[in-house]
Amino acid sequence: MALLLGLIGSAERADADSHKSSAGFKKSTADVELTYVFDPATGTMIEAPIGYVDTDPYKYDYLPLCDIERDGLDSGCESLAVNCEPRTPGGKRGTPVQWRFAPKAIANPTWSDWQSQGGPTCLYDPDPQAVLRAIAARIANDFKQLPIQSAKVTVQPGPHTLKGMETNVFAAATEQAFDVVILGQNVHLEATPVEYTYNYGDGTSFGPTMFAGGSISEDEWGTKTRTSHIYKQTGDFRLTVTTGFRGTYSVNGGPPLPITGNGQFASPAQLVSVWRSETRQVADNCIENPTGWACPSSAGSNK
């Protein structure tokens with residue numbers, strides 16, 4: 001997620017006060033924009049590195065729908081359906097705003113180029129632009145702290161498989177949504193699984209890959225799949241899958257904005273017991289002779 005901040009001269013501030021953009025301010029006399037991105041090493045916004053590519057095709061803007069006076073609302077505010085009452089006793093009223101978006105390919109969008117995003121919403125901050133920048137600066141870290149449920153891992157055959165045999169492994173992850181409060185603003189986050197890294201527990205791994213794998217029928221067990229694995233040794237192994245989730249967030253019902261990077265979430269370990277397979281001709285009946293070869297009480301039944 002990138003945050004675009006512009007340069008404003010003192011002569012331009014009157015216009016900026018009536019036209020505040022979630023993508024930042026733009027100098028009217030020259031098309032000058034600085035791109036800032038979240039730096040996880042310092043926890044601050046820094047100038048984007050050379051070659052940085054912002055993949056979001058839209059720029060976002062919000063317009064105040066009325067003026068909030070110190071002791072009340074103007075007539076325009078009172079006629080709005082949205083209610084921006086203070087959230088705490090003695091607190092300040094929110095600012096009714098309308099979000100909109102336009103293609104970044106249009107350098108200076110006209111009124112007809114902008115499209116509304118949802119209905120009127122409220123921003124609760126003396127300087128709404130400042131709180132949006134602050135949320136943008138911390139959203140990548142907050143996203144990684146969400147209680148996102150990692151993928152469920154399944155092994156076929158399982159939990160027992162055979163040495164030297166293709167063992168099918170697949171992950172099942174779902175999209176998840178969260179509503180949280182950040183800096184006094186209502187923030188909606190969505191997490192979408194996009195990649196998987198398989199750690200088979202025997203020192204080998206596969207990924208990251210976009211393939212989650214999938215279930216196969218029992219008569220297909222032992223066939224190779226995109227996420228299957230051959231264990232070369234017998235024993236017990238703890239298999240895990242780490243799922244990478246891509247995130248978006250919106251503030252107070254505003255437009256969805258991308259979150260930089262992916263959140264990585266590991267699944268609980270799945271125990272896989274790898275056995276060896278031997279074929280012999282035997283004449284024992286395990287009911288009559290429980291200690292016969294390959295019977296449960298015999299040494300030949302060990303892994």
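Buried means under 20% relative accessible area, exposed means over 50%, and partly exposed is in between (1.4 Å probe, protein chains only). The model here is predicted, so local features need pLDDT of at least 70 and side-chain atom pairs count only at pLDDT 80 or more, while totals for chains, interfaces and linings use all residues. Residues are numbered from 1 along each chain as its sequence is written, and side-chain values use heavy atoms, with hydrogens and water left out.

**Exercise 1. Sort Phe-237, Tyr-231, Tyr-198 and Phe-206 into buried or partly exposed, then work out how their rings pair.**

Step 1: go through the accessibilities. Phe-237 has 12%, so it counts as buried. Tyr-231 is buried too, at 1%, and Tyr-198 is buried at 0%. Phe-206, at 31%, counts as partly exposed.

Step 2: get the pairing rule straight. Rings of Phe, Tyr and Trp (its six-membered ring) pair if their centres lie within 6.5 Å; planes under 30 degrees apart count as stacked, over 60 as edge-to-face, and the rest as tilted. That rule gives 4 aromatic pairs.

Step 3: apply it. For Tyr-198 and Phe-206, the centres are 6.3 Å apart and the planes are at 25°, so this pair is stacked. Tyr-231 and Phe-237 have centres 5.1 Å apart and planes at 25°, so they are stacked as well.

Step 4: look for a cluster. Tyr-198 and Phe-206 belong to one aromatic cluster along with Tyr-200.

**Exercise 2. Find the disulfide and say which parts of the chain it links.**

Step 1: count. Taking a disulfide as a pair of cysteine sulfur atoms within 2.5 Å, the structure holds 1.

Step 2: name the partners. Cys-84 is joined to Cys-122, with S to S at 1.9 Å. The angle about the S-S bond is -90°, and the link is left-handed.

Step 3: place them. Cys-84 sits in the loop between α2 (75-78) and β7, and Cys-122 in strand β9 (residues 121-123); they are 38 residues apart, so to speak distant parts of the chain. Both Cys-84 and Cys-122 are buried.**Exercise 3. Describe the largest nonpolar core and the elements that build it.**

Step 1: define it. A nonpolar core is a set of buried Ala, Val, Leu, Ile, Met, Phe, Trp, Tyr and Cys residues joined through side-chain atoms within 4.5 Å.

Step 2: list the best-connected members. The largest core has 26 residues, and those touching the most other members are Ile-135, Ile-139, Phe-143, Ile-148, Val-187, Leu-189 and Tyr-249.

Step 3: trace the elements, where helices (H or I, at least four residues) and strands (E, at least two) are DSSP runs numbered from the N terminus. Elements supplying at least two residues each include β4 (58-64), α3 (128-144) and β17 (235-251). The top contributor is α3, with 7 residues.

Step 4: check for another core. There's a second, separate one of 15 residues, with Tyr-198, Tyr-200, Tyr-231 and Val-241 among them.
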